[in-house]
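Biologist: I have not looked at this one before. Could you put it on the screen and take my questions one at a time?

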Amino acid sequence: MEEMSFEYWNKLADQVILISSLLSGFSIAVVANFLVADSNNNRLKRTIMKTAVLAAGFFLVSLFAMTKILMMTTNGFPLKVTNGDLKFPSIIGGVALVFGIMSLITMISLSGWTKSKKLGRFTVGVGVLTFLLILIMLT
């Protein structure tokens with residue numbers, strides 16, 4: 001297998017940072033909305049809140065792991081870097097990104113159940129389809 005160049009790592013990290021920052025911001029906005037809402041505190045809403053917090057956390061981990069890769073692969077980085085040095089942050093960043101996406105899709109899938117069974121089934125269907133299409137695109 002051919003090793004990826006630092007230039008490719010740099011561009012990849014840049015894109016993942018953009019995606020993770022947008023999705024973490026969205027997840028944090030959902031968490032903030034739940035914190036200020038005057039709604040009843042039932043099990044479903046607590047579960048949605050937990051998945052939103054998980055999504056935000058995972059996206060933030062991914063963001064900082066990819067920021068490390070971005071910095072290490074930028075011209076002028078003061079330390080010597082090898083491809084092996086990028087392995088750990090890339091694994092952590094990639095896994096966190098996938099778990100963040102899974103948490104976000106779970107949150108979206110559960111959201112319809114707060115209104116009705118019919119809407120709940122629809123949002124679960126959309127969530128499953130979204131997850132499958134994302135998996136196809138990531139492989």
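Biologist: In which helix is the place of Met102?

Modeller: This is a predicted model, and its elements are numbered from the N terminus. Along the chain they run α-α-α-α. Met102 has its place in helix α3.

Biologist: Is Met102 buried, partly exposed or exposed?

Modeller: Buried would need a relative accessible area under 20%, and exposed one over 50%. Met102 has 32%, so the residue falls between the two cut-offs. The class of Met102 is therefore partly exposed.

Biologist: Which element gives the largest share of the nonpolar patch on the surface?

Modeller: The patch is formed by Ile91, Val95, Val98, Phe99, Met102 and Leu138. Together these residues have about 490 Å² of accessible area. Five residues of the patch come from one helix, and that helix is α3.

Biologist: Which element gives the most to the lining of the largest cavity?

Modeller: One cavity of 30 Å³ or more is counted, and the largest has a volume of about 40 Å³. Its lining consists of Val98, Ile101, Met102, Phe131, Ile134, Leu135 and Leu138. Two elements, α3 and α4, each give two or more residues to that lining. With four residues, the element that gives the most is α4.

Biologist: How many nonpolar, polar and charged residues are in the lining of the largest cavity?

Modeller: The lining includes Val98, Met102 and Phe131. Val, Met and Phe count as nonpolar. For the lining as a whole, the division is seven nonpolar, no polar and no charged.

Biologist: Which element gives the most to the lining of the largest pocket?

Modeller: The residues around the largest pocket are Leu12, Gln15, Val16, Ile19, Leu23, Leu97, Ile101, Leu104, Ile105, Ile134 and Leu138. Elements with two or more residues in this lining are α1 (6-36), α3 (87-111) and α4 (117-138). Five residues come from the element that gives the most, α1.

Biologist: What is the volume of the largest pocket, and how does its lining divide by class?

Modeller: Gln15 is among the lining residues, and Gln counts as polar because it is in neither the nonpolar nor the charged list. By class the lining has ten nonpolar, one polar and no charged residues. The space in the largest pocket is about 170 Å³.

Biologist: What share of the residues of the chain counts as buried?

Modeller: The chain has four helices and zero strands, and its C-alpha trace spans about 55 × 30 × 20 Å along the principal axes. To count as buried, a residue needs a relative accessible area under 20%. Of the 139 residues, the buried share is 32%.

Notes
Residues are numbered from 1 along each chain as its sequence is written. This is a predicted model: local features need pLDDT of at least 70, side-chain atom pairs count only at pLDDT 80 or more; totals for chains, interfaces and linings use all residues. Side-chain values use heavy atoms; hydrogens and water are left out. On a 1 Å grid over the protein atoms alone, a cavity is a set of points where a 1.4 Å probe fits but cannot get out, and a pocket is an open set with protein on both sides within 12 Å along at least five of seven lines; lining residues have an atom within 4 Å of a point. Grid points are joined across faces, edges and corners, and a volume is the space filled by probe spheres set on the points. Patches are made of residues with over 30% relative accessible area and no salt bridge: like charges are joined within 9 Å, nonpolar side chains (Val, Leu, Ile, Met, Phe, Trp, Tyr) within 5 Å. Accessible areas come from the Shrake-Rupley method with a 1.4 Å probe; for residues, only the protein chains shown count as cover. A salt bridge is a side-chain nitrogen of Lys or Arg within 4 Å of a carboxyl oxygen of Asp or Glu. Buried means under 20% relative accessible area, exposed over 50%, partly exposed in between (1.4 Å probe, protein chains only).
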